[in-house]
Structures are given as C-alpha cells and as structure tokens.
Amino acid sequence: MAKRGGFPGGGMPGNMNNLMKQAQRMQRQMEESQKELEVKEFTAKAGGGAVEVTVTGKKEITKVKLSEEVVDPDDIEMLEDLIMAATNEALRMAEEASAEIMNKMTGGLGGGFPF
C-alpha cells in the first residue's frame with residue numbers, strides 16, 4: 001500500500017515552518033498596530049475652522065467644537081453641513097491611517113498571500 005500525502009519524516013518542511021512563524025509574527029504586529037490606531041485621534045476642520053470634529057481610530061466621535069459665529073439659528077442647515085464635512089474628513093483620515101498600517105503589514109507579500 002502506497003503512502004498517501006504527508007512529508008518525509010512526518011514533519012513540516014523548513015519553508016512551511018518559517019512561513020507559519022512569519023504569519024504569526026505578522027498577526028501579532030497587526031494586532032499591536034490596530035490597538036495603537038484605536039486610541040489615536042484624528043481632527044478635521046470645516047468652514048475655515050469654525051467647526052472642528054475629532055474621531056478615534058475606532059471611528060468614534062470624541063469631540064465637536066463650534067465657533068460662536070457659526071451658530072446661527074436662522075441657518076441651521078449650514079451648521080449641519082459643516083459638521084458633516086468635518087466629520088467625514090476626520091473619518092477619512094482615520095481610514096487612511098488604517099489602510100497605511102495594512103499596506104505596511106502586507107507590503108512584503110507582493111499584494112497577497114502566497115497560497
């Protein structure tokens with residue numbers, strides 16, 4: 001009866017072992033980078049600085065700051081637009097930082113996993 005599959009000697013070849021160790025190391029680095037990103041804050045302004053919004057890497061709003069001159073009861077729509085613009089920009093900044101971390105982690109893999 002012929003032996004099916006497996007590797008001679010019953011163990012993984014050295015390259016496979018090294019690949020597994022590299023994947024585990026990359027996973028640890030990814031988790032550490034993700035934790036750092038989650039506590040990092042990103043602040044964006046709109047309306048020439050009249051509205052300022054801060055978000056975390058977890059994409060949670062932590063601060064909204066409004067200048068008095070932007071608070072006009074007769075023009076609530078403008079204030080809403082400025083808050084939305086500042087929030088979207090801060091979220092975009094957080095997303096860019098997240099993508100940058102991913103690119104650093106996967107950059108050595110040629111754009112994908114080798115399997």
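## Order of elements

Along the sequence, the chain of this predicted model runs in the pattern α-β-β-β-α. That makes two helices and three strands. Of the 115 residues in the chain, 21% are buried.

Contacts across the sequence can also be described by separation. Taking contacts between residues at least 6 apart in sequence, 45% join residues at least 24 apart. The exposed surface of the chain comes to about 8600 Å², and carbon and sulfur atoms supply 52% of that area.

## Strands S1 and S2

Strands S1 and S2 pair in the antiparallel sense, with six bridges. One of the residues involved is Ala-44, whose bridge partner in S2 is Val-53. The two strands form a hairpin with four residues between them. In the turn, Gly-47 has a positive phi of about 65 degrees.

The side chains of S1 alternate between two faces. Phe-42, Ala-44 and Ala-46 point to one face and are buried. Glu-41, Thr-43 and Lys-45 point to the other face and are not buried.

## The nonpolar core

The largest nonpolar core holds 15 residues. Phe-42, Val-51, Val-53, Val-55, Val-70, Leu-82 and Ala-86 have the most contacts inside this core. Strand S1 (41–46), strand S2 (51–56) and helix H2 (76–106) each give two or more residues to the core. The largest share, six residues, comes from H2.

Phe-42 can serve as an example. Leaving aside residues up to four places away in sequence, Phe-42 touches several others, including Val-53, Val-55, Ala-90, Met-93 and Ala-97. Leu-37 and Gly-57 are also among the residues that Phe-42 touches.

## A nonpolar patch on the surface

Nonpolar residues are found on the surface as well: Ile-61, Val-64, Leu-66 and Val-71 form a patch there. Together these four residues have about 330 Å² of accessible area.

Val-71 lies in the loop between strand S3 (61–66) and H2. Its relative accessibility is 47%, so Val-71 counts as partly exposed, since that class lies between 20% and 50%.

## Lys-59 in a loop

Most residues other than glycine have a negative phi. Lys-59 is not a glycine, yet it has a positive phi of about 65 degrees. Lys-59 is placed in the loop between S2 and S3. With a relative accessible area of 42%, Lys-59 is partly exposed.

Technical notes:
Residues numbered from 1 in each chain as written. Predicted model: local features only at pLDDT ≥ 70, side-chain atom pairs only at ≥ 80, totals over all residues. Heavy atoms only, no water. Buried < 20%, exposed > 50% of the residue type's maximum accessible area, 1.4 Å probe, protein only. Contact = heavy atoms within 4.5 Å. Areas by Shrake-Rupley, 256 points an atom, 1.4 Å probe, with all protein chains shown as cover. Core = buried A, V, L, I, M, F, W, Y, C linked by side-chain atoms within 4.5 Å. Patch = residues over 30% accessible without salt bridge, like charges linked within 9 Å, V, L, I, M, F, W, Y side chains within 5 Å. Salt bridge = Lys/Arg side-chain N within 4 Å of Asp/Glu carboxyl O. Pairing = 2+ DSSP bridges.
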